[in-house]
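Welcome! Here is a short tour of a fold that may be new to you. Take a moment with the picture, then read on.

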Amino acid sequence: MKHVIIHTDGACKGNPGPGGWGALLEFNGRRRELKGGEAQTTNNRMELTAAIRALEALKEPCQVTLYTDSSYLMQGLTEWLPGWKKRGWRTADKKPVKNQDLWQQLDAAAARHVVEWRWVKGHSGHDGNEAADRLANEGVALGLAAAD
């Protein structure tokens, strides 16, 4: 099984506001950059979208190490998601899960692969995270263009 390293990031100018997402995929010495933006969104939605688009870009099941600087993404995947699914997409206090549509897409995209989720501190000189941050900010420009 191929091992792919992925770095993802989301960005938003205003929250909500124009946003962007970026992902850097690395396999066997090759790099692929992905990015996109939306005119009106939130930072959390962009963090989720980055991970979804990166996993969906893989053409076959892979072993993936995915790095994110989003505590929201990490906690959602490693702590909250199983409970949400058991409770019919409700939080512990019975409220609807925010961004349920994206959490469900991410859950489905991740299910095709063997994913190890890793958190990194943002803006701390981690090369992959810095590249994903740059792509996410380029994505914001695409979101701003869509807003015009």
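Let's start with helix H2, which lies across S1, S4 and S5 and runs at about 135° to S5. Please keep in mind that this is a predicted model. From H2 we can move to the sheet, the other helices and one buried serine.

**The sheet**

- Five strands make up an open sheet, in the order S3-S2-S1-S4-S5, with mixed pairing.
- At the edges you will find strand S3 (30-41) and strand S5 (114-119), each of which pairs on one side only.
- On average, neighbouring strands of this sheet are turned by 20° against each other, direction ignored.
- S3 and strand S2 (residues 17-27) run antiparallel and are joined by ten bridges.
- If you would like a spot to look for, glycine 20 has glycine 37 in S3 as its bridge partner.

**Helix H1 on the sheet**

- Helix H1 (residues 43-56) packs on the sheet, where it touches strand S1 (3-12), S2, S3, strand S4 (63-68) and S5.
- The direction of H1 makes about 155° with that of S1.
- H1 is 14 residues in length and reaches 20 Å from its first C-alpha to its last, close to the 20 Å expected at 1.5 Å a residue.
- Many of its residues are listed as buried: Met46, Glu47, Leu48, Thr49, Ala50, Ala51, Ile52, Ala54 and Leu55.

**Where H2 meets H3**

- Two packed helices are described by the angle between their axes and the distance between the axes.
- For helix H2 (residues 71-86) and helix H3 (residues 100-111), the axes come within 11 Å and cross at roughly 95°.
- Because of that crossing angle, H2 is roughly perpendicular to H3.
- On the H2 side, the contact is made by Tyr72, Leu73, Gly76, Leu77, Leu81, Trp84 and Lys85.
- H3 contributes Trp103, Leu106 and Asp107.
- Sorted by character, the residues of this contact are seven nonpolar, one polar and two charged.

**Serine 70, just before H2**

- Serine 70 sits in the loop between S4 and H2.
- Is serine 70 buried or exposed? Its relative accessible area is 6%, under the 20% cut-off, so serine 70 counts as buried.
- Leaving aside residues up to four places away in sequence, serine 70 touches Glu47 and Trp119.
- Glu47 is one of the buried residues of H1.

Note on methods: Residues numbered from 1 in each chain as written. Predicted model: local features only at pLDDT ≥ 70, side-chain atom pairs only at ≥ 80, totals over all residues. Heavy atoms only, no water. Axes fitted to C-alpha atoms, helices over the stretch in contact; angles between N-to-C directions. Helix = DSSP H or I, 4+ residues; strand = E, 2+ residues; numbered from the N terminus. Parallel < 35°, antiparallel > 145°, perpendicular 65-115°, else oblique. Contact = heavy atoms within 4.5 Å. Nonpolar A, V, L, I, M, F, W, Y, C, P; charged D, E, K, R; others polar. Pairing = 2+ DSSP bridges. Buried < 20%, exposed > 50% of the residue type's maximum accessible area, 1.4 Å probe, protein only. Expected span 1.5 Å × (residues − 1).
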